[in-house]
Amino acid sequence: MTPFISQFAAGLAQIAHEAGQLVLKHYSAGTPARVKSDFSPVTAADEEAEALILRRLALLAPGVPIIAEEEMAAGRAPPELGTRFFLVDPLDGTKEFLNRNGEFTVNIALIEDARAVCGIVLAPAMARLFIGDGANGAYELTYAADRPRAATEAKAIQLRRAREDGLVATRRRTPRRTKTADISAASPSAA
């Protein structure tokens with residue numbers, strides 16, 4: 001069963017799939033990393049995927065400003081943001097990409113009035129797509145890697161109730177930093 005998603009969300013998903021295929025080409029071939037001014041790694045996969053996403057978003061939603069990770073790192077911010085803009089991370093998890101564990105994503109979101117109204121998180125190495133589409137809900141789709149438009153399984157994503165004792169923190173699995181480990185150890189229900 002494939003869920004109903006808007007034509008706009010489907011357009012974002014297609015852009016993410018195109019960027020994901022580009023990222024996977026670099027992943028298969030191996031690509032060296034450079035270090036940005038904030039000491040985080042960046043690769044040609046980050047830059048090329050972002051360039052593709054920027055071109056495609058300009059066609060999908062002309063005139064909507066875009067905040068994109070590598071553009072911002074290079075000091076190229078949109079001149080005027082307004083209340084509606086795209087937020088893009090073309091390769092979230094560059095360290096995981098470089099460590100070759102498959103745990104990296106392509107992220108695209110439309111923000112309106114400080115809220116994400118439509119978003120895509122694609123894990124291309126795992127053939128998993130997460131779509132949040134306003135009134136239509138949120139879904140996880142699994143697909144055959146060679147057929148990204150043909151979902152083989154779709155399931156609704158449900159929110160869990162907030163814990164009564166406070167906030168919930170999430171973290172990446174690797175690398176586990178000492179401060180993160182200390183915070184996790186202080187909470188009896190930390191995972």
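This is a short talk on the fold, the strand pairing and the salt bridges of one protein model.

Hi everyone, and thanks for coming. One thing to keep in mind from the start: what you see above is a predicted model. Let me begin with the overall picture and then go into two regions.

So, the overall picture. The protein has 191 residues, and 38% of them count as buried. The secondary structure consists of 5 helices and 9 strands. If you walk along the sequence, the order is α-β-β-α-β-α-β-α-β-β-β-β-β-α. The accessible surface is about 11700 Å², with 55% of that area belonging to carbon and sulfur atoms. For those of you who like contact maps: take the contacts between residues at least 6 apart in sequence, and 45% of them join residues at least 24 apart.

Now please look at the strands in the middle of the second half of the pattern. Strand 5 covers residues 105-112 and strand 6 covers residues 115-123; the two run antiparallel and are joined by 7 bridges. To find the register on your screen, pick Val-106, which sits opposite Leu-122 of strand 6. What lies between the two strands of this hairpin? There are 2 residues there, and Asp-113 in this hairpin adopts a positive phi near 50 degrees.

Strand 6 has another partner too. Strand 7, residues 128-133, runs antiparallel to strand 6, and 6 bridges hold the pairing. Here the register can be read from Ile-120, whose bridge partner in strand 7 is Ile-131. This pair of strands also makes a hairpin, with 4 residues between them. In its turn, Ala-127 has a positive phi of about 55 degrees. If you are colouring side chains as we go, remember that in a regular strand they alternate between the two faces of the sheet.

On to the charged side chains. The model has 8 salt bridges in total, and I'd like to show you a few of them. Which residues does Lys-36 link up with in a network of salt bridges? The partners are Glu-69 and Glu-70. For Lys-36 and Glu-69, the closest N and O atoms are 3.1 Å apart. This contact links distant parts of the chain: Lys-36 is in the loop between strand 1 (33-35) and strand 2 (41-43), while Glu-69 is in helix 3 (residues 69-73), 33 residues apart. For Lys-36 and Glu-70, the closest N and O atoms are 3.2 Å apart. Glu-70 also belongs to helix 3, and its separation from Lys-36 is 34 residues.

Is Lys-36 buried or exposed? Its relative accessibility is 12%, so Lys-36 counts as buried, the cut-off for that being under 20%. Glu-70 is buried as well. Glu-69, on the other hand, has a relative accessible area of 30%, so it is partly exposed.

One last salt bridge, between Lys-155 and Glu-140, with an N to O distance of 3.9 Å. Lys-155 lies in strand 9 (residues 147-156) and Glu-140 in strand 8 (residues 138-144), 15 residues apart. The two ends differ in burial: Lys-155 is partly exposed at 43% relative accessibility, whereas Glu-140 is buried, with a relative accessible area of 9%.

That's my tour. Thanks for listening, and I'm happy to go back to any of these residues on the screen.

Key. Residues numbered from 1 in each chain as written. Predicted model: local features only at pLDDT ≥ 70, side-chain atom pairs only at ≥ 80, totals over all residues. Heavy atoms only, no water. Pairing = 2+ DSSP bridges. Buried < 20%, exposed > 50% of the residue type's maximum accessible area, 1.4 Å probe, protein only. Contact = heavy atoms within 4.5 Å. Areas by Shrake-Rupley, 256 points an atom, 1.4 Å probe, with all protein chains shown as cover. Salt bridge = Lys/Arg side-chain N within 4 Å of Asp/Glu carboxyl O.
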